[in-house]
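Please open the structure in your viewer and keep the sequence panel beside it, since this tour moves from one selection to the next. At each stop you will be told what to select and what is there.

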Amino acid sequence: MSFLRTRAKGHTATLLCTLLACVAIVLAGCGGTSVTSAASAQENYVVDVQLSGGSGRASVSSPCTVVKDGDSYVATLVWSSSSYDKMTIDGKDYVPTTTDPGSTFEIPIKLDCDMAIQAETTAMSEAHTIEYVLRFDSTTLVAASDAGNSSPDSDAAKSQAASTQVGDFHNTDIGCGWQPTGTVELAYATHFTIDAFEGGYKLICVSNGERFLMVPEGGEVPDGLSSDISAICLPANRTYLVSSSTMCLIDAIGAIDNIKMSATKAEDCSVAGFAQALQSGAMVYGGKYSAPDYERIASEGITLAIENNMINHNPDVKEKLISLGLTVLTEQSSLEGTILGRLEWVKLYGVLFGSEDKAEQVFEAQRASIEAVAQKNASKDSSIKVAYFYINSNGAAVTRRSGDYVAQMVRLAGGTYALDDTQEGSGSTSSVALEMEQFFLLARDADVIIYSSSIDDSVHSIDDLVAKNNLLSQFKAVQSGNVWSTGTNIYQQMTSSAEVISELSQAIEGSDGQGFTQLTKLN
């Protein structure tokens, strides 16, 4: 069964997020002054944003979330790259609130005018300031309460995908006059597109600006191909896989044989097929993303590297891989705001490794499993709050924002995400670090604590947790003993999302955790 179909546009929507309070600022060239009233009620919206200028390779997530306070607006702007460390608007500098998964800024905006901005990027050998123009379209302004929906099959999730997929990064002009004959249907993923051309050629566009033309086995790279497009001659069977979160998807479609080198060692790999391949020598360890074994990469004849956004912090590594003749694809699944959006990246790997039908079967099975678990919990009227975090080396609590897929999992499990109604815990689909005193005020009444051991695996008991900071002893969940940890490899288990949601649901209901495989109850 082929999944080449025509995709329909949807209305702009996004997950419900609340944002930081507005600040007063005058924007040059936009006319008027933003005035913030401390007593005015804040309203949350989503709106389409267009970015122009620069080289055309950068993009920003659209739609984005905004908060309206009186006559002023503050938007949370998420860049496709993690390398932007400063934005300047009307002479005032703004720094990112996080760079995970992309540089994220909270900035004052005006609607329906061209906002001239400057953005500084460290992606090159030295910092560069680039001129851009932002435009926020008031005709697309939608109340967040109308846009948000935690259902994995909601119209909001689907329309968010449709609106983003036809955004600036989706460019079917490949430079040689060819016209697409079809489009791979995507219901949830918003950070890549796939278009088909005559003769079995397919074009992959990724939201970070990368484009790839899949050249069928025995085919030739067309003359006049745009210089920004990298040709991948199939079969792509000499691949260096750096992004460990994609292992389970590649395993699920039976494409492990295409991976000849891994950035994950056998002892650190929770995907059985990959671990076995590494142990047998069918696949070799090629070094971590920041320090690959270039000599071995060359000797093994590797032609393709699949990276995640961490490579943006090491642009010299990417340049070296390209100089060795590799094509580098930077997957963006971590930017997806929904679970099914992340899982739908399996369709990209289906195209890449010649397993399109299997990829659609895997995705549909995953969707059915998640929808079944969500439906089971849909009738729950739960006010139980769940906090998800870990303590970093600076002693801060790193949690996920309310638009993130982790928060969605909590809601699908029948719980309430502890940071849903806080300004500090919202604004983008990414993580946020909070000082412990601040986190205490926001999450101390959480009924359930989930500690992310995938990042910090030093917490094996409640005493270990409290040893991180004594304030944690005052948390409601700690005092009641309802504290859990995730598996250390949970981010390698995307295809176990339904199981994670099910165990979360049981933890919320007061289970003792017997028989769990994704969560462990701490004593």
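Colour the whole chain by secondary structure to begin with: the protein holds 14 helices and 26 strands, where helices (H or I, at least four residues) and strands (E, at least two) are DSSP runs, numbered from the N terminus. This is a predicted model, in which local features need pLDDT of at least 70 and side-chain atom pairs count only at pLDDT 80 or more, while totals for chains, interfaces and linings use all residues. Residues are numbered from 1 along each chain as its sequence is written, and side-chain values use heavy atoms, with hydrogens and water left out.

Of the 523 residues in the protein, 56% are buried; buried means under 20% relative accessible area, exposed means over 50%, and partly exposed lies in between (1.4 Å probe, protein chains only). Among contacts between residues at least 6 apart in sequence, 65% join residues at least 24 apart, a contact being heavy atoms within 4.5 Å.

**Stop 1: a covered strand**

Select residues 192-196, which form strand β11, and you will find that five of its five residues are buried. On one side are Phe192, Ile194 and Ala196, and on the other Thr193 and Asp195, so that both faces of the strand are covered. Now add residues 182-184, strand β10, which pairs with β11 in the antiparallel sense over two bridges; two strands pair if DSSP finds at least two bridges between them. Which residue of β11 is the bridge partner of Thr183? That partner is Asp195.

Next add residues 202-206, strand β12, which runs antiparallel to β11 and is joined to it by five bridges. In this pairing Phe192 stands opposite Val206. The hairpin of β11 and β12 has five residues between the strands, and there Gly199 takes a positive phi near 85 degrees.

**Stop 2: two cis peptide bonds**

Select Ser62 and Pro63, and look at the peptide bond from one to the other, which is cis, with omega near 0 degrees. Pro63 sits in the loop between β2 (42-53) and β3 (64-69), and with 8% relative accessibility this proline counts as buried. If you also select Leu141, 78 residues away along the chain, you will find its C-alpha atom 9.2 Å from that of Pro63. A second cis peptide bond joins Leu234 and Pro235, with omega about 5 degrees, and Pro235 is in the loop between β14 and β15.

**Stop 3: salt bridges**

Side chains of opposite charge can pair when their charged atoms come close. The structure holds 12 salt bridges, each being a side-chain nitrogen of Lys or Arg within 4 Å of a carboxyl oxygen of Asp or Glu.

Select Lys318 and Glu210, whose closest N and O atoms are 3.1 Å apart in one of these salt bridges. Because Lys318 lies in helix α6 (residues 315-323) and Glu210 in the loop between β12 and β13 (211-215), the pair ties together parts that are 108 residues apart in sequence. Is each partner buried or partly exposed? Lys318, at 22% relative accessibility, counts as partly exposed, whereas Glu210, at 4%, counts as buried.

Then select Arg238 and Glu300, whose side chains meet in a salt bridge (3.7 Å, N to O). Arg238 lies in the loop between β14 (229-233) and β15 (239-241) and Glu300 in the loop between α5 (294-299) and β18 (304-307), so this pair ties together parts that are 62 residues apart in sequence.

**Stop 4: two packed helices**

Finally, select residues 405-412 and 497-508, helices α10 and α14, which pack at an angle of about 55 degrees with their axes 8 Å apart; the axes are lines fitted to C-alpha atoms, for helices over the stretch in contact, and angles run from 0 to 180 degrees between N-to-C directions. That angle makes α10 oblique to α14, since angles under 35 degrees count as roughly parallel, over 145 as roughly antiparallel, 65 to 115 as roughly perpendicular and the rest as oblique. Show the side chains to see where the helices touch: Met409, Val410 and Leu412 in α10 meet Ser497, Val500, Ile501, Leu504 and Ile508 in α14.
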